[in-house]
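Me: I'd like to go through this one with you and ask how each label was earned. Can you take me from the values to the conclusions?

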Amino acid sequence: ELTDADFLKLLDFLPTAGVKSPAEAYRYFASYMTGVIPSKTGKDIKKLNEILEKIVKAEPGRGAALKGSMFEQWVALHVPELSSRTFKRITFDLKQLLKKKFPPFSRPVDKWVQGEIWEMKHQLSKVPTDQVADYAALVGKTAPDGNIVKTVNYLFPTKEAAELNKHLSTTYKFAVYYIDEASGALTKLM
């Protein structure tokens, strides 16, 4: 449903000096699409999920890389409980905090705010076990900004994806949320 007018706005998004390579042009295009698609779908998570499924099917590698960013942008635009908060991106030094002796030695989080880790997962599979183990070990530790890690929250695009990851709440006591397809509301998995 993108129009010529939508793509014409891409020109305003590009640097005034132009792009210097096809790779740079692709990065600008991908960044623009990451913002425009979630804004065009409105609050309809089902519509976004359908679009992202088609993007991944058409271009598996690049599509998979884009869908997470598009889901995060959609959340920032359409989920009032989260869009009103000032999130940061931070990276935990696992070698220092957890005395890890094997990679990964750092763990960037999708979103961080005052002691809360938020992971926006646009996937229909279980989250990586190494990430879960690292987050569980980080609870109670001091983050780079001086706040103590109090909670870990996972947000999924569907109830089915959240239920597939229910072990995060039962085993690890993390909060697991999903977007209700009917209402578009942030919903906690019980």
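Me: What makes a side chain here positive or negative, and how many are there of each?

Reply: Lys and Arg go in the positive pile, Asp and Glu in the negative one. In this predicted model that gives 28 positive and 22 negative side chains. The centres of the two sets lie 7 Å apart.

Me: How do you know what radius of gyration to set the protein against?

Reply: The rule of thumb is 2.2 Å times the number of residues to the power 0.38. For 190 residues a compact globule would come out near 16 Å, and the protein has 18 Å, so the two agree. Along the principal axes, the C-alpha trace spans about 50 × 40 × 30 Å.

Me: And what share of the residues is buried?

Reply: Buried means under 20% relative accessible area, and 38% of the 190 residues are in that class. As for the surface, the protein exposes about 10700 Å², with carbon and sulfur atoms supplying 56% of it.

Me: Why is the pair F92 and W112 called edge-to-face?

Reply: Two numbers settle it. Ring centres have to lie within 6.5 Å to pair, and planes over 60 degrees apart count as edge-to-face. F92 and W112 have centres 5.6 Å apart and planes at 85 degrees, so the pair is edge-to-face. It links distant parts of the chain: F92 is in strand β1 (residues 91-93) and W112 in strand β3 (residues 111-113), 20 residues apart. Both F92 and W112 are buried.

Me: How many aromatic pairs turn up in the whole structure, and which residues do ring pairs link into a cluster?

Reply: The search finds 7 pairs. The cluster is made of Y135, Y154, F156, Y172 and F174.

Me: Why is E181 called partly exposed?

Reply: Partly exposed runs between the 20% and 50% cut-offs. E181 has 39% relative accessibility, so it counts as partly exposed. You'll find E181 in the loop between β6 (175-179) and β7 (186-188).

Me: What makes something a contact of E181, and which residues does E181 touch?

Reply: Heavy atoms within 4.5 Å make a contact. Leaving out residues up to four places away in sequence, E181 touches I45, K46, N49 and T158. V79 is 102 residues from E181 in sequence, and their C-alpha atoms are 13 Å apart.

Me: Across the protein, how much of the contact count comes from residues 24 or more positions apart?

Reply: Of the contacts with a separation of 6 or more, such residues account for 55%.

Definitions and conventions. Residues are numbered from 1 along each chain as its sequence is written. This is a predicted model: local features need pLDDT of at least 70, side-chain atom pairs count only at pLDDT 80 or more; totals for chains, interfaces and linings use all residues. Side-chain values use heavy atoms; hydrogens and water are left out. Buried means under 20% relative accessible area, exposed over 50%, partly exposed in between (1.4 Å probe, protein chains only). Accessible areas come from the Shrake-Rupley method with a 1.4 Å probe; for residues, only the protein chains shown count as cover. The place of a charge is taken as NZ of Lys, CZ of Arg, CG of Asp or CD of Glu. Rings of Phe, Tyr and Trp (its six-membered ring) pair if their centres lie within 6.5 Å; planes under 30 degrees apart count as stacked, over 60 as edge-to-face and the rest as tilted. Helices (H or I, at least four residues) and strands (E, at least two) are DSSP runs, numbered from the N terminus.
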